[in-house]
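The following questions ask what lies behind the terms used for this model. Each answer sets a value beside its definition.

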2 protein chains.
Amino acid sequence: MTTISDVAAAAGVSVATVSRVINGNANVSPETLAKVTKAIQDLNYRPNLLGRDLRRTKSERVLVLLPNISNPFYSEIVKGIEDVANRNGYSIMLCNTDSDIKREKKYVKMLKTRLADGAILMASEMSCEELTELSKELSIVQCCEYKEGVPLPHVSIENEKAAYKATNHLISLGHRKIAFIGADNQFLSSNLRETGYKRALSDAGIEIKPAYICYGNYSYKSGFRNMKRLLDLPDRPTAVFCVSDVMAIGAIRSAMEENLKVPDDLAVCGFDNIHFSWMFNPSITTISQPMYDLGCTAMEALINIIEGKSSEIVNYFLEYELIVRSSTLKGY
Amino acid sequence: MTTISDVAAAAGVSVATVSRVINGNANVSPETLAKVTKAIQDLNYRPNLLGRDLRRTKSERVLVLLPNISNPFYSEIVKGIEDVANRNGYSIMLCNTDSDIKREKKYVKMLKTRLADGAILMASEMSCEELTELSKELSIVQCCEYKEGVPLPHVSIENEKAAYKATNHLISLGHRKIAFIGADNQFLSSNLRETGYKRALSDAGIEIKPAYICYGNYSYKSGFRNMKRLLDLPDRPTAVFCVSDVMAIGAIRSAMEENLKVPDDLAVCGFDNIHFSWMFNPSITTISQPMYDLGCTAMEALINIIEGKSSEIVNYFLEYELIVRSSTLKGY
DNA sequence: TTGTATGCGTTATCAG
DNA sequence: CTGATAACGCATACAA
């Protein structure tokens with residue numbers, strides 16, 4: 001491996017001078033600049049980041065922890081994060097936690113060990129206590145999913161209201177028997193979406209039937225299975241609100257297997273607006289989260305923390321949108 | 001930030017002793033072990049990886065460069081990579097290059113600067129010359145897409161034969177007017193798949209019609225658009241082979257818009273076997289790449305290189321599979 | 001069993 | 001404008 005002193009030797013100067021050249025320091029004569037530049041070229045030298053970052057105690061790298069890269073929902077968010085990061089000279093590295101707290105902590109450890117300057121957490125499995133502890137020493141922003149009462153900024157949408165809007169859309173189409181396929185996890189959004197669903201029903205004077213409420217794990221299969229169960233009910237629902245598009249797809253396939261027509265016999269509303277929700281046939285009515293903006297905002301917040309521009313903890317709630325398509329309304 | 005000397009001071013020992021404790025060195029008395037352990041706990045100390053790796057000249061980290069995390073094709077591969085990495089004590093970090101050679105080189109730079117021990121390249125935009133140059137100093141494995149004649153191992157499938165098999169499936173169903181939607185990029189697989197398609201036609205004594213051959217960019221829209229064009233042909237094809245599932249989905253939606261039935265009026269075959277290919281309605285006939293195994297094999301090969309277990313360049317071709325579903329054959 | 005001293009590759013300070 | 005040198009945090013050869 002060629003080091004800065006190799007270059008210095010080759011150019012007949014000191015390492016300090018080479019360092020100045022590398023970092024674009026102005027105080028270097030044209031001749032030495034040329035000599036050093038040539039030596040760098042000749043030796044194909046690249047500064048060792050480990051040495052540099054150790055000295056600078058700054059890496060200009062940021063970790064993005066997400067549960068699963070195969071979830072298309074995250075792709076757009078990551079794009080937003082990356083764009084803002086690149087604009088500001090940061091590199092981002094994606095860390096797949098697989099919703100495994102052990103893996104997650106391994107990556108958090110890299111943060112503690114200064115491998116990166118900060119992190120964006122997309123759906124952390126850590127407890128409020130753990131996160132609070134981390135907040136004292138690390139630069140962290142929560143994105144989409146977040147824990148409340150933790151002294152960390154978060155960026156997300158108002159899930160309760162979004163779910164209310166989705167449910168209300170189904171009600172406005174004349175549905176009264178509206179089922180709900182939620183998620184049985186620890187995340188706040190799951191609760192909020194269920195609350196929004198229930199509030200919409202209540203506000204419309206519709207009785208909340210426990211039999212119409214079930215829980216999956218965001219997967220196609222769980223959507224399929226739960227829908228099957230709902231359709232087996234003596235008084236089957238005519239509409240269903242799923243808290244993810246992938247579950248909505250599962251629900252639709254389930255209905256099709258029973259020879260039901262969507263939306264005529266069953267209206268289906270999803271959540272997230274992933275690409276496949278409009279590619280699918282029928283295209284899926286859904287709540288669109290501003291994924292790209294969520295990513296941008298999270299990264300901007302993180303940079304503010306890292307660079308100490310603002311010490312206060314700001315929480316952002318971005319705008320969502322109901323996108324009506326063929327799975328609830330014909331011809332869309 | 002608390003360092004090893006803080007711990008040493010707190011425990012009343014030297015930094016060397018603390019280092020021994022951290023690294024599980026046996027030569028440490030039970031009492032000092034206890035003292036040091038306590039100090040580490042009390043100060044909540046974590047060794048600085050930058051310092052450690054700089055000293056060890058080894059990071060036990062590996063970079064995975066991929067063009068786009070939103071392509072579901074890569075998710076399973078990454079899972080395989082991660083599992084093998086974790087089993088062997090490596091951490092992996094995903095790097096989204098966005099098919100941008102500048103971004104790609106930025107990450108490669110991190111390799112050169114010893115931030116990671118090696119990398120898996122999924123669809124590099126770099127030239128053969130550049131890759132050859134890199135091969136001299138870095139541990140790199142190519143996965144799925146690869147450049148030929150470069151002294152780097154690669155792991156993939158035999159794309160030509162796979163495409164032959166897919167096309168032949170359509171022929172065996174009685175189709176003679178078979179179109180091809182390929183990809184207009186620099187990747188070897190694109191050429192090989194086209195070659196396989198043509199060879200299948202030739203072997204069956206079917207004339208190759210240039211009008212039946214068109215190119216997209218793996219996206220839904222390009223599949224949709226190209227199919228539209230094909231269907232506008234005076235002598236429209238009755239079957240189409242797309243080199244990606246997403247383009248196949250686009251093609252199917254295109255056919256549906258023309259009120260054509262799949263597979264009756266148009267049989268569609270994709271490539272990759274992404275999750276959505278079976279969730280889609282109709283489910284999509286496709287070539288299944290052993291994505292998980294591709295990832296495992298690539299990571300194993302990389303570890304071999306990094307740890308110097310084998311110096312020869314081995315290329316792996318894994319088994320693929322034709323998965324027949326409803327988009328070509330009814331009732332599947 | 002423990003401590004001292006050195007070096008990993010940089011950058012930054014300070015003197016010249 | 002340039003060079004010598006200390007320091008970043010850690011691991012390790014060597015000495016004790």
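Q: What makes the relation of chain B to chain A that of a two-fold axis?
A: A turn of 180° and a shift of 0.1 Å along the axis lay chain B on chain A with an RMSD of 0.1 Å, the copies being superposed by least squares on the C-alpha atoms of residues with pLDDT of at least 70 in both. That is therefore the relation of a two-fold axis. In chain B, the C-alpha nearest the axis belongs to Leu94(B), at 2.3 Å.

This is a predicted model, in which local features need pLDDT of at least 70 and side-chain atom pairs count only at pLDDT 80 or more, while totals for chains, interfaces and linings use all residues. Residues are numbered from 1 along each chain as its sequence is written, chains are lettered from A and ligands numbered from 1 in the order in which they are written, and side-chain values use heavy atoms, without hydrogens and water.

Q: How do you know that the copies meet through the same surface?
A: Of the interface residues of chain B, 98% are also interface residues in chain A, so the same surface is used by the copies. Contact (heavy atoms within 4.5 Å) joins 51 residues of chain B to 51 residues of chain A.

Q: Why is the pair Glu82(B) and Arg103(A) called a salt bridge?
A: The term requires a side-chain nitrogen of Lys or Arg within 4 Å of a carboxyl oxygen of Asp or Glu. The closest N and O atoms of Glu82(B) and Arg103(A) are 3.4 Å apart, and the pair forms a salt bridge. Between chain B and chain A the count is 4 salt bridges.

Q: What makes up the buried area between chain B and chain A?
A: Buried area is the accessible area (1.4 Å probe) that two parts lose on being put together, summed over both. For chain B and chain A this comes to about 4900 Å², with 63% on carbon and sulfur atoms. On the side of chain B, Leu50(B), Ile69(B) and Phe276(B) lose the most area to chain A, together 13% of what that side buries.

Q: Which residues are the closest to DNA strand C, and how many surround it?
A: DNA strand C is surrounded by 24 residues, the closest being Ile4(A), Tyr45(A), Arg55(A), Thr17(B) and Arg20(B); to be near, a residue needs a heavy atom within 4 Å of the strand. A polar side-chain atom of Arg20(B) is 2.4 Å from a base oxygen of DNA strand C, and one of Ser19(A) is 2.9 Å from a phosphate oxygen.

Technical notes
A polar contact is a pair of N or O atoms within 3.5 Å; within protein, one must be able to donate a hydrogen and the other to accept it, and residues adjacent in sequence count only if both atoms are side-chain atoms.
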